[in-house]
Each structure stands twice: as C-alpha cells, then as structure tokens.
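Please take a look at the model below before reading on. The briefing that follows goes through chain contacts first and local features second.

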4 protein chains.
Amino acid sequence: MTMISTDVLSRENDRRRADLANDYDHLGEQLARRGVDIDAVKRKVAAYSVAVPSWGVGTGGTRFARFPGRGEPRNIFDKLEDCAVIHELTRATSTVSLHIPWDKVADIPALRQKGETLGLGFDAMNSNTFSDAPQQEHSYKFGSLSHANAATRRQAVEHNLECIEIGKALGSKALTVWIGDGTNFPGQADFTKSFERYLDAMKAIYRELPDDWRLFTEHKMYEPAFYSTVVQDWGTNYLIAQELGPKAFCLVDLGHHAPNVNIEMIVARLIQFRKLGGFHFNDSKYGDDDLDTGSIDPYRLFLVFNELVDAELRQADGFAPAHMLDQSHNVTDPIESLMRSATEVCRAYAQGLIVDRAALAGYQDENDALMASETLKAAFRTDVEPILAMARLEAGGAIDPVATYRAAGYRARVAAERPAVASGGGGIV
Amino acid sequence: MTMISTDVLSRENDRRRADLANDYDHLGEQLARRGVDIDAVKRKVAAYSVAVPSWGVGTGGTRFARFPGRGEPRNIFDKLEDCAVIHELTRATSTVSLHIPWDKVADIPALRQKGETLGLGFDAMNSNTFSDAPQQEHSYKFGSLSHANAATRRQAVEHNLECIEIGKALGSKALTVWIGDGTNFPGQADFTKSFERYLDAMKAIYRELPDDWRLFTEHKMYEPAFYSTVVQDWGTNYLIAQELGPKAFCLVDLGHHAPNVNIEMIVARLIQFRKLGGFHFNDSKYGDDDLDTGSIDPYRLFLVFNELVDAELRQADGFAPAHMLDQSHNVTDPIESLMRSATEVCRAYAQGLIVDRAALAGYQDENDALMASETLKAAFRTDVEPILAMARLEAGGAIDPVATYRAAGYRARVAAERPAVASGGGGIV
Amino acid sequence: MTMISTDVLSRENDRRRADLANDYDHLGEQLARRGVDIDAVKRKVAAYSVAVPSWGVGTGGTRFARFPGRGEPRNIFDKLEDCAVIHELTRATSTVSLHIPWDKVADIPALRQKGETLGLGFDAMNSNTFSDAPQQEHSYKFGSLSHANAATRRQAVEHNLECIEIGKALGSKALTVWIGDGTNFPGQADFTKSFERYLDAMKAIYRELPDDWRLFTEHKMYEPAFYSTVVQDWGTNYLIAQELGPKAFCLVDLGHHAPNVNIEMIVARLIQFRKLGGFHFNDSKYGDDDLDTGSIDPYRLFLVFNELVDAELRQADGFAPAHMLDQSHNVTDPIESLMRSATEVCRAYAQGLIVDRAALAGYQDENDALMASETLKAAFRTDVEPILAMARLEAGGAIDPVATYRAAGYRARVAAERPAVASGGGGIV
Amino acid sequence: MTMISTDVLSRENDRRRADLANDYDHLGEQLARRGVDIDAVKRKVAAYSVAVPSWGVGTGGTRFARFPGRGEPRNIFDKLEDCAVIHELTRATSTVSLHIPWDKVADIPALRQKGETLGLGFDAMNSNTFSDAPQQEHSYKFGSLSHANAATRRQAVEHNLECIEIGKALGSKALTVWIGDGTNFPGQADFTKSFERYLDAMKAIYRELPDDWRLFTEHKMYEPAFYSTVVQDWGTNYLIAQELGPKAFCLVDLGHHAPNVNIEMIVARLIQFRKLGGFHFNDSKYGDDDLDTGSIDPYRLFLVFNELVDAELRQADGFAPAHMLDQSHNVTDPIESLMRSATEVCRAYAQGLIVDRAALAGYQDENDALMASETLKAAFRTDVEPILAMARLEAGGAIDPVATYRAAGYRARVAAERPAVASGGGGIV
C-alpha cells in the first residue's frame, strides 16, 4: 500500500533523473580527488533513518494562537498515513514516535498492524505529564514526577508505566521522559527536594523498564516553567542517567539550551561518558522555537553530526543514539517540513562522512587551527544533494520529495476527507 | 459598591496599624537624616496609578497547557469585578485596559456604567490581530497589518478603527497596537516590503486617531514568530513613531528584549527623543515570560523607575508615559499577582523618589563611579514598604492586600458563582 | 612589485588549473539549469573588494594574554606589505583601513607612495579614543567624546579632526568613529547627558568633514564598558546618523549585537532608511569574539549578503555600503585568516547573486514559507568555490591562496627580518 | 600594626554611632515581630569572612586598554598592605588568595610573616597557565593542561605542583585551577581527546595534593577561547570532580555562565551531590564582566546565598564552600570596590539568615507560589545594613568603610610612595 501514486512518483523522478546522474557523477569525481568513495557514502546515507514524531504531522501553534492547516489528521491512524507519505518520498523515516495519551487507542494490535501495512515501525514512546488529561485525578499544574504530593507523583509514574506497556505491544524499545516540572518564581519550590522526588519517581519507572529497553531523559532550560526547570541542562540530565543506571541515557534537543551554548561539545561529552541517548532534532534562533531542522543554523547541525560520525567511525563505547525530529510546524505543511527536515539530517550526516578525518587529526596535533577548521568547512561546503537524491531514488523514493508531494495532490485529497478544525484563538496570553 | 467587605478590611488593617505607624515613623526619621521628607514621597505614591489588563485576571498558560484556576471570570463584567478588588485593596490601579475582541460587548454604555460603579476607568484599548476571531474573513496566519494581501491588511486596519470607536465610547484615550507579524524562516518574507506595508496600514489607523488620543506601538524580539518580527526592537519602534507623527509613541514591555539588553538605557533614549509612550510591566528571566513585576530582577525595575523619576523631576519635554501591567498568571491567583505587582511598581517609584539626585549628579560629574552607584543602591536598599502601606491605608486600602484578600474569601465566593473551566491540554507542541 | 614570487604562484596554480576548469564548467552547467549565467556572477565577484584593517595583520590577544606570532609587522610599512600579500593572492582586498595613532607616521606622502607601489589604496580612517596615547593630556578612562569634562571631549574631537587630515593626504574618503565610552555601574553616568555631550562632540567633527567624505559611527552592546555603552545598538546609531546629517551613516559590526538578534533585519532597516554605512565583518559565538568571517555561522553571513544583493539589484536609494574585515587573530597566522575571510565574504556575495529572486518574490507573495526558505537554502548550498577561484585566477591571484602563501614561505622570510616580540602575560584580569 | 589610623577610625565611627544604635534597635524590633533574633544574625555575620584576591587590588583593564589608578601596588607586599586596609575596615576579609607566578617571591617565610603582621591568612593558591611567563619553555598559546604536546602538559602540571609547594609554606589549604584552554574555531581541537588529556594532567596534580587540601576546578563558558572551552560548564566541572576523587570540588564564578542561566540552581545541584567547592563572587550583565559583587543583580546574589544558608542550616553533607571575591576594578579604587563587595556578600548572607524557612517550607508544600516567593522577597527587602555595620563596629571596623577610608587618605599616602604606572594602550584589538 502506498500513499503516493507510483505514476506521479515515476513521472516526477523521470524529469530529474538525467541531471541527477550527471551531478552525481561529477560529485563522485570531485570526491574521488579527495579520496572519498561516493558510493560508500551513499550506502551509509541510504541505511540512515530518523524517526518522525506523530504529533509533528499536525499544525503547531503558540500560546497566542494556532492557525490550523488543511486536512489535519484526526487521530493516530491519520497521522500514520501522513508519516507514511514522508517515508515513501524520503526513504529516511522508517519509524514513528508516539505520544501518550494523544495517540492512545483501544485496539493496539490494529495500530501495530496499520504501521506494518504502511511499512512503519514504532520508535520511542513519549509520556505526557506536562498537561492534564480529561478525568485525570491529580493535576500537574504544580509538577508531576517531582510534585510535592506523593499521590500526584504516583499517578505520573503509573502513566509512564502505561506508556511502556503500550510500547511493548507495539514493538517500541525506549521510553522518552520529558517533564514540564519547574517553577515560575524564586522560592516556589525547594530545588533539592524537588530533584530528590524526581529521582525517586524515575527510579520507580526505571525498575519496570524491560531489559532490552532504554530510558531517555530530556533536559530543557525553560518553558513551560519560567524561573527554574527540574531537568534544566545536560549536567542535571547526566546526574539522572548516572543515578538510574546503565539503561538510562540523556536526550539532546537542539533547542533546549541557553543562548550561545556550544551544543556539539555537550554531545561530545555525553558520548565520552557513554550517556548520549539520542536527539530531538529541530532548529531555533531564540528559545525552543521548534523550527525545521537546519533552517536557521545549518553549520551547527553539521558540527553535531561531525561528532556523531567521529564516534561512529571510532566505534565509541556504548554509542547508539536514537534520532528523532521534534518540531512545531506553525506556518508550513507539516509533511513538507518533515520531509525537508529529514533530508537536512541526512545532509549533515553525509557531510560528516566526507570530512577528511586523517587530515583533521593531523592539523589538530600540529595546532594548525586554520587548516583544521577549513577541513570541516570543506566538507560542509560540499553540495551533497546528489548523494541524498540518489540514495532516495535507488530506494524507491523521490529525487525531489516536496515537488513530488505537491504534484501528487495528497493534501487536497485528505482535506476532502478530514473535516476542517476551527482556528484556535488563544485567550492564553 | 465594594467587592471586599469593609469589616474584613478594617479588621485586617487594625491588626497591623500600630506596627505600621511605628515603622513609618522610624523610616521617616531615617529619611529625614538624608534630607528626604517621607510625607512628600507618600503623597506622590498615593497619586500614582498603574493600569490593570483585563485579560490578566484570567489564568494564563503556555503552548503546552493551561491549568485553570478557581472562579475564573467568564466575561468582561466578571473581569471588572476582579479588577475592582485589586484597586480596592491596593488603591493603585484605578484603570483597566481592554482587549478587543475578547472584551467586546453588545452594550458598551453598560460596560462604562459598570466601570463607574466599581470606581474604575478605561485605559488604553488593545487590538488583536495576532489570532483569528470566529467568522473572521481573512486569516492572520501569515500576518495582519503587514500581510502580503491588501484585503487582510484592510481587515486589520478596520479592526483597529473599531477598537478606537469602542474606546471613545468608554472614555479611553489611547490605542495600543501589538502585532504578531513576522516569519519563522529566512526568506519567508521580504523585510523591507513587509515593513512598508505595515507603515502604510498604521498610517491609515493614525489618520483616524482622535486628536486627544495617543497611539502606542509595542516592539517584541520574537514570539509568536521565531525567525523575524516586523516590530522587533526599539529602533524599529522609534522609526514607526517618527513616521506616524506626534501622537505616536513607543511602548516598552520589559520582557520583549534580547538577552542582556540594558532596558533602562532604551527608556532614557526614548524619553530624550520624546517618544516614550509607556510600559507594559512584568518580569522575565528567559524570554517574554510575563512573570509578576519585580519578581526576578527587582533592581532592574528600580533602574527603569530611576529614569522615569529623573524625567519627571526635570520635567522632560513630552514626558507622560502610560503605565500598565501585562503579565500571565499561570500558577498564582491572578488577583494576588496583580496586587503584588502593582505594589512592586509603587515600590520602585518610591525608591526612585528617594534617590539623592543632587549627590548623584555630583558624583557623576566627578566620575566617582563607586559613590554614584552606591547612591542608587542606597535608595534601592531602603525598605519603603511603610510608605506604600501608609499610602494605601490612608486611601482606604489594605495595609497587607494579599492577607486581606484571603481573609475576605473573595475567590471562594466567585468560584461558587462562576463554573469551572476544563483544563486545556495543549495538543499544541 | 610583488610580495609573493610569481614562480610559486604559477606553480601552485598549475597544479589546480585543470580541476578548477572542470569544476567551473560543471557548476556553470548546473547554474544554467537554474537560469544563472556563471560568467556574469564571476564578473561581479571579480569586481568586489573588501578592505583589510591595518591592525588585523598583527596577532591579537585577550585581556588575559597575547601570544605573539612569528614575524609580526613592526609598523605600518610592514603592515602594508602583509596586506599586499593578501591582495596579491585573493585579488579581493585592494584597500587598507588605517588606525590612528597606531599607524601615524611622520612622512605621510611616503606612506601613500608605499601603498601605490604595493597596489593598495586607503579605506576609511579609524580614530582611537578608547585608549590613552603616551603624553596625552586628558585620559579617556571615563570617556572621550561623551566625557563629563569639556577639555577631554575637545581633545577627542581634535584627534578625530587629525584623522581626517591624515586621511585627506592619503586619499581616504571616510572616517569611522567607534568609542569605548560607557559605564560599569548603574548610576555612574547620566545616560541622557552623556548622549547629549556625545552628539555635540560628533557635530563638531561632522562640521569639518569634507563634502565628499562619509562619517561612519559604529554601535556596540558592551565591552570595554560592562554596564552601559553610549552607542549601544542600531537604534542609537540611527539617531546619531539622523542628528548629524546626510553624510553620516551607521556601521554594522557583526559581533556587536545582543545574543540572538536578527542582524540581517537590522541591515534591511538601515538600507530602507538610507543610513547603512557599511560593515565590519567577522564572526562570533558569544560576544565581540572577532573571529574569522564565516567561521561560526556562515548562513548568517549569507543572509546579510542576501539583503545587500537585493538592495544592489533593486538599486536602493542611497545604497553604497563600505565593506571591511575587522577581526582579532589570536591563534592563526593573520595573513591566512584575512585571506580566508576575504574569500568567505566573496562566497556569501556570490551565493547572494545566485538566489532566484523572481521565484523568491513569488513564494513570498503566496506565503509559501517552505519554498521561499528553500530558495535561499538552494543558493547557500551551492558550492561556489569554482567561481571564486576562477575570478582570482583570472585576476592574477591564487586558486588556493593559503596553500600558495605557505608554499611561498613568506612568513619565514619576514620572521627572519622582523624581531620577535615578547609574549604578553596579562596582569590584567 | 594597622594601615588606617585608629584616630580617623574612631572619629568617623563616632559620627555615626548614635544613628546606628537607633537603627539597629528599630530593626531588632521589626525582626523580633517576625521571630528573628537580630543579635544571633549579627554574630553569624561577624563570624563570616570572604577571601580577597591579591590581583584584585591592582587596577584591571580590558583587551582595549588599561587605565592605571594612583598608587598601585608594586608587588605582593604592597598588595597585602592594601588587603589589610580592606580587612581593617570591613572585618570581613581575613584571608588573601595568591596568584602564581604574579605573587611569587624569593623569601616565602617573609611573605608569611608579612601576612601575620597584618593579621591576614592565605586562602586558596591560584595557578596560571593561561599566559606565558618570561623564560617559559613551552607556550600556552594552544593550551596547557590539555595541550596536544605532552611536554607542555607536563610543564603545566609542574607549575601547579609548585603552587602547592608555595601554598604549603604559607599555610594555604587549597589549589584553584582555572585554565584558558579551548579553541577559537570548529575543528581546531578534538573535544574528546582534549578532555582526556586534561583529565590525565589533573590526575597527576591531584595525586600530589596533600591530604588536608582541596582541589577546586573552575568552569567558564568562554574567553579567552571563543568557540569552545575545555571546562565550559558545571556539567563538565562535575565530571572532573567526580573523576578526580573526594578532595576535588567545583568552583562557581558568578560570571562564567551562559546568558539567563539559573545559577542558584546549579549551586543547589552541586551541594546536593557534595561537589560544591566554593565561589568566585562578582557581578555581570553580559559576560565575565567581573564587576563589583551585587552591583548589577543583587537579588541573584541573595538567591545564591539563600541556597547556601539553607545548606548550612540543614547541615548538608560535605558542605564547606570557600568564598572569594574575583573582580576586575577598571574604573574604581580597587580597595573601595573590594570593601563594598565584601559588604555585599555579608548583606546577602544576612538576608539569607532572616528568611522565614519554616513558613517557606510550608508554602512550598502547599504550592502557594505567591507566598513562597514573597517570603524570600520579604527577607531581601529588609535593610540589614544596621546588622552589618554593628558587626563591623563591634569587631573594630568601620561603620562606613568607604567614608572612613577616604577620610584616612590612604590612597594619597601610597601614591606618594609607589611610582605611577604608564597607561596601557592595548594594541590588542
């Protein structure tokens, strides 16, 4: 079953096939001069996959307003179909990451079956204790896993255990825990007691984690809390992973750091201390802007991948990060944004693969700062799009995913099936 | 008509009256040593007022969730009653600032009458073109006053003209325009054309502004747009006020600046060039956090008021700023937060009034950096609470507004009358 | 007279000539598909030049230490020779910007003659009132053009007038004024009086500015003053240019802004209001880091050039910005850093030239945020190095400037002639 | 031996004695109402001491310039005399922290004797591998303890061991290691290898640390390196302390963090995990501005002390932080700045001591965010100056240290003895 007509796909690819072959050949020749085998790079890119978040296919918003798009998915089954479109065209997003309770269904096997039909697997499960679900007994207004009240913490723990159960039924192998716990005012909570309570609650979750699962905790500097956040940075995140044990790892979201922070260095540190769990990819200029990956600072994304490729090539101990996109698509078609973001991640990976690491190490040893930095820039400046496009084409995807998606008329088709959602005027200011 | 029982008020004040008198006397003695007449300061504080935003009495939220409070106001009439509580106890908030369409009513005279009954006037009108109202013809998803489409801009202009009309009927004398227009991605809009369109639209509004009104434009660095904002900083805001004319002024929101920016200096510049329109007071640690005024960096608030008092005392040309609170109360009772925030603003004003300006000017002329800065610190360190409390008491307010409010049981009473609102789980991420 | 042996240059170019021709042809073919004439782009790039700062060829340092390099220039004559190397190899830096009193000489005609011999002209003159020169009567410890003392201000004015005189003798046509004036503590100075004094002093300078000169003022958020700076941002800078008159313009240094600020938007605003004077190019991650242009965030540099090319193509009124590098080379050979930085500026310019502006405008009008941003990304992703290299080659420069420079052994040669400088251990902390 | 005439001291104190007694009594009465015993607070304040850095008594500067002050100390003996002035008047700075090689002397016993004569002890020793000393064999231009070259690392280790030896002879019990190691460009160094080398070098130092000593490592986000720093944040700092062992602790400098970071929370985390070594107190608005403690954001300083007092009162395991000032006095008399900074630290401590912790804990348990934050604010708003002044007076110090210092004419006296230093015009830009 495919969501995009193979006729459209073929027609669109045919229009671009000759130019791609030409560009790929020339790039291959250029890379050969540098000692790089383009086909080897292409094979690695083809084997790469980044997970798509189920909530990412809906239109996002801000506290001021949400402006809905056309044909928004009504439920997780619709969402999976949208995710399938992304994978069909990019061949780079073979798994979906679910969010509970948003994606909770009565019939879990049917959901698993739907994924299999669409060729999609299930990535890490995401719990939600940052908002109150209808009929929830205890509110998370003042925290969840770190709440002053034991019953609230217990409720939050049990929700996470339920996520694990659902995930087991779906074939997931990881739980991601991000909480909004924190404070808006100095003094509102005791930093130390809050963190002790959080650690206790997380240990209760960790104890129930299956042996072949991993537990990812995610730090964030601020928002929704605006004075302090319980898991505020990688330092605290590392302490958590260390306290919990060998199945616990730190998740890095590119938008969750203080201004100017050197994120690639944090990635290197977590790799070195065997606690890098994975990524929530996106881009940002100000705060947790959740923009499309690579859209604001593509060189930063490359520098992160430079660390990842380096660790991959030297087979760093315990290195097996999970990759996921995590974005909010407020002004674009979410499918389009996710397709290009998946492509950006592949691009950074390919650029990381063509770094001349032997030369780089030599320059580093000699303190030749200029040539060392130029070595990275040379890889970054290389237009590797032919490699990405060829990898997609050979795997049955689209040379130009966005153009093909538009030509296929998918959005108009689902807009006819899925009722329009009313525009959300905030009221929240 | 009073919202808080005078019995409760008297009883609460009686408990604190003797200590207050004692503290006021001692502070008076201390200030006299420094050449400051405490009663003169008290009279100025008593005459001071800061407007309350109608939307501030509802519980705020974030894009992740909103956790409602008890007894939230259902409409502008409920909101006015809540605002009346704030003024009764603090005697510092005699006006309310409305937001259209949130506060739109069929019977405007009734609204004005309600205000009069409660002893409240109407401050600046606030338009809203950052979210779509139901049945709105053109969406503001891609902008309003700067939108690429002329019809959308016209709709936004007309909405602002309607706000002026409502304001005229209510006795308001100013319009505040804050827009969310901007972009999420480089290239999404042409900076120059967008700003030209914005200026054209604003000129259309300005032309209809009554002669005795002022037009306030408000800049903001980011959010809801995350790459660029049309009115991004005070530089652009100044250009707007200059282009529009003598009734146009710049509004400063303390949370709308880049990290580390010296806000008090911006205030000084706008005063110097006769374009300071006024303030949206709040506090913040990270972005536009909209926390209670003075809760994060009280010294910064004082430094802003130091500029304001200085301009007041030297009777700076064209100096008549409007003062308003603009906060989002996510985890506190909004009435309590607004009462203490009004008090914080009064506190900064009182501290500004007791700065020894003659000594300060002398130290500045001599480049005695240490003594100059200590002169400001000496005023800031002074605990002026007795002045504020005495001013409240003498005006019929509460020595301790929050304690009195709690003793009066207002929240429980309105909670019984106003139905609970369901918790808003985002879905927006 | 050439500083680099033509034999070495030819040999190095010969090694790379065939590959370059091949790459240039293929890129030409790719660009032709997009409707871009590669030769037209190359001609524009060949005509482009960015000025080199005389002080940039010395090794920089921090307040903690300075670690000298080999063969540092001893005076402005040595510096000009180093600058000549940069231009010979890159063919992109035909002018040098001087700093007085650092570059002050007794025999100005000899200096001008030296420049002519080396094929170098003289760009904007830079005054220095941020440090005290030996035998200076009044110290700038507490400010210069804004100093509380009139005699100090007068001294600073006269220094600027002297810079104009020297510049006239050298053929310069602009004066750049950057001051360090500001304060370290709240209260240390009166913001308004300081700015009034500054404006008065600048008017005295402006009055003496020749009619065919321009006056550039440069804003900076902080450093060397750490609480407030007199010319702190573009808003204040615009006010200055407006107050002074039509020959006064704003200079933008890429490292002088608050964290996260959208610099390209400031550039667009200054162009729109006809006050963009030019640039001090460099790159930064934290503050005014003065790193090599394009080394930290190359996409930001491209976005700035996207505005510049757009203004150039639409022939924006009054648009004639001056371009200069302004960097501190602490750990690299300054000549190498300046060569690659000049190349980065050319690269951003070339990428700006190949943006499909018709398509971009269409996407902007349709609010197609995704395709609009991809249109910019497509230009940025293009590896335009063959265009830059071909422009250099055809103008007599080097295909690979750094490799050629190293092969020529220039640094070793001057190190033998110029005595080593002692390492500067701070003492300043 | 005293540096300040006891006659002057007595006369100055006599002028303020009666008012102080009056203010102290009234404050005592106010605090008694809140259940606080003013004398108990005073005793704790009197017992408190913060170390003064020897380099702090010289005038600081920036990379642009240094403007010397009058009568600057010529050597460590002069510096100790200046430090003695600070302690005599404030009674809050009984120890001095040395910097090697700046304070290196041939006759260490004489130095120790000098300290004893002046009533000063020796706090932590500070090593310097961020600048090159004359005759140093290997340069630290490209790093020290993390340098790629083993001999350079060894030299840096040996320098630290020498610092320990000197410290042992002086009675010091701690070594503080801050390095400038890092990079200016992506790729310049391998993050992981650099940190491995650093850890190896630190282990070599740690092995030689006496059993009754502590080793403090200090993190810093940037400067002098502007792309990456080896010990960039508290996360890395914690890893270091953990790797080294039980005598290794993290030092927190208030100016070494990313913008907006919640420093008091980092303090709480380090206390909780028993790795808080101590502080370098100062204040900052932008970066590592090294301004006088409490001069920019006094509430932040209070919030840090709120954590410290809380840990002290609950006798947190392993809690024994070292307190030191670390500032750069560019525009003030260093002695005056250090006196007021010591006072600010005492003030924050006193304010921390009067927090109603039982009430605070109750509000926190009830999620009464407003009253919890007001509880802290109530302590911060209290003008505790009478407590500080009375503690000074009773210990033989000055009620008003700055006024007394000025009255004593110390600066003029030493200016006559110590030759003026030439103004340092940078040349470094």
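What follows is a briefing on two interfaces of chain B, then on one helix and two single residues.

This is a predicted model. Chain B meets chain D through 40 residues on each side. Chain B also meets chain A, with 55 residues from chain B and 55 residues from chain A. The area buried between chain B and chain D is about 3400 Å². For chain B and chain A the value is about 4700 Å².

**Chain B with chain D: area and make-up**

- Carbon and sulfur atoms carry 45% of the area buried between chain B and chain D.
- Three residues supply 20% of what chain B buries here: Asn260(B), Leu370(B) and Arg381(B). No other three residues supply more.
- On the side of chain B that touches chain D, the residues split into 17 charged, twelve nonpolar and eleven polar.

**Chain B with chain D: polar links and helices**

- Twelve salt bridges are counted between chain B and chain D.
- One of the salt bridges joins Arg381(B) to Glu344(D), with the closest N and O atoms 3.2 Å apart.
- Polar contacts across the interface of chain B and chain D come to 22 residue pairs, both residues at pLDDT 80 or more.
- Five elements of chain B each give two or more residues to this side: helix 1 (6-33), helix 9 (298-313), helix 10 (334-353), helix 12 (369-381) and helix 14 (401-408).
- Helix 12 of chain B gives the most, with eight residues.

**Chain B with chain D: symmetry**

- A turn of 180° with a shift of 0.0 Å along the axis lays chain B on chain D, at an RMSD of 0.0 Å.
- The two copies are therefore related as by a two-fold rotation axis.
- Asp383(B) comes closest to the rotation axis among the residues of chain B, its C-alpha lying 3.0 Å away.
- Both copies use the same surface, as 100% of the contact residues of chain B recur in chain D.

**Chain B with chain A**

- Of the area buried between chain B and chain A, 66% is on carbon and sulfur atoms.
- Six salt bridges are counted between chain B and chain A.
- Arg63(B) and Asp290(A) meet through their side chains in a salt bridge, 3.0 Å from N to O.
- Twelve residue pairs are in polar contact between chain B and chain A, both residues at pLDDT 80 or more.
- The side of chain B that touches chain A holds 24 nonpolar, 19 polar and twelve charged residues.
- Chain B can be laid on chain A by a turn of 180° and a shift of 0.0 Å along the axis, with an RMSD of 0.0 Å.
- Arg63(B) has the C-alpha nearest the axis in chain B, 2.2 Å from it.
- The copies meet through the same surface, because 100% of the interface residues of chain B are also interface residues in chain A.

**Helix 8 of chain B**

- Helix 8 of chain B spans residues 263-272 and is mostly covered, with ten of its ten residues buried.
- The buried residues include the charged side chains' owners Glu264(B) and Arg269(B).
- Ile263(B), Met265(B), Ile266(B) and Val267(B) are also among the buried residues.
- At the start of helix 8, a side-chain oxygen of Asn262(B) reaches to within 3.4 Å of the backbone nitrogen of Glu264(B).
- Just after helix 8, Arg274(B) takes a positive phi of about 55°.

**Ser228(B)**

- Ser228(B) sits in strand 9 (residues 228-229) of chain B.
- Ser228(B) counts as buried because its relative accessibility is 2%, and the cut-off is under 20%.
- The side chains of Ser228(B) and Thr183(B) make a polar contact at 2.7 Å.
- Beyond neighbours within four places in sequence, Ser228(B) is in contact with residues of chains A, B and C.
- These contacts are Tyr286(A), Gly182(B), Thr183(B), Phe191(B), Asn262(C) and Met265(C).

**Gly35(B)**

- Gly35(B) lies in the loop between helix 1 and helix 2 (38-47) of chain B.
- Gly35(B) is exposed, at a relative accessible area of 67%, where the cut-off is over 50%.
- Gly35(B) and Ile354(B) are 319 residues apart along the chain, yet their C-alpha atoms are separated by 9.2 Å.

Methods:
Residues numbered from 1 in each chain as written. Chains lettered and ligands numbered in written order. Predicted model: local features only at pLDDT ≥ 70, side-chain atom pairs only at ≥ 80, totals over all residues. Heavy atoms only, no water. Contact = heavy atoms within 4.5 Å. Buried area = accessible area lost by both parts, 1.4 Å probe. Salt bridge = Lys/Arg side-chain N within 4 Å of Asp/Glu carboxyl O. Polar contact = N/O pair within 3.5 Å; in protein donor to acceptor, adjacent residues only side chain to side chain. Helix = DSSP H or I, 4+ residues; strand = E, 2+ residues; numbered from the N terminus. Buried < 20%, exposed > 50% of the residue type's maximum accessible area, 1.4 Å probe, protein only. Least-squares fit on C-alpha atoms with pLDDT ≥ 70 in both.
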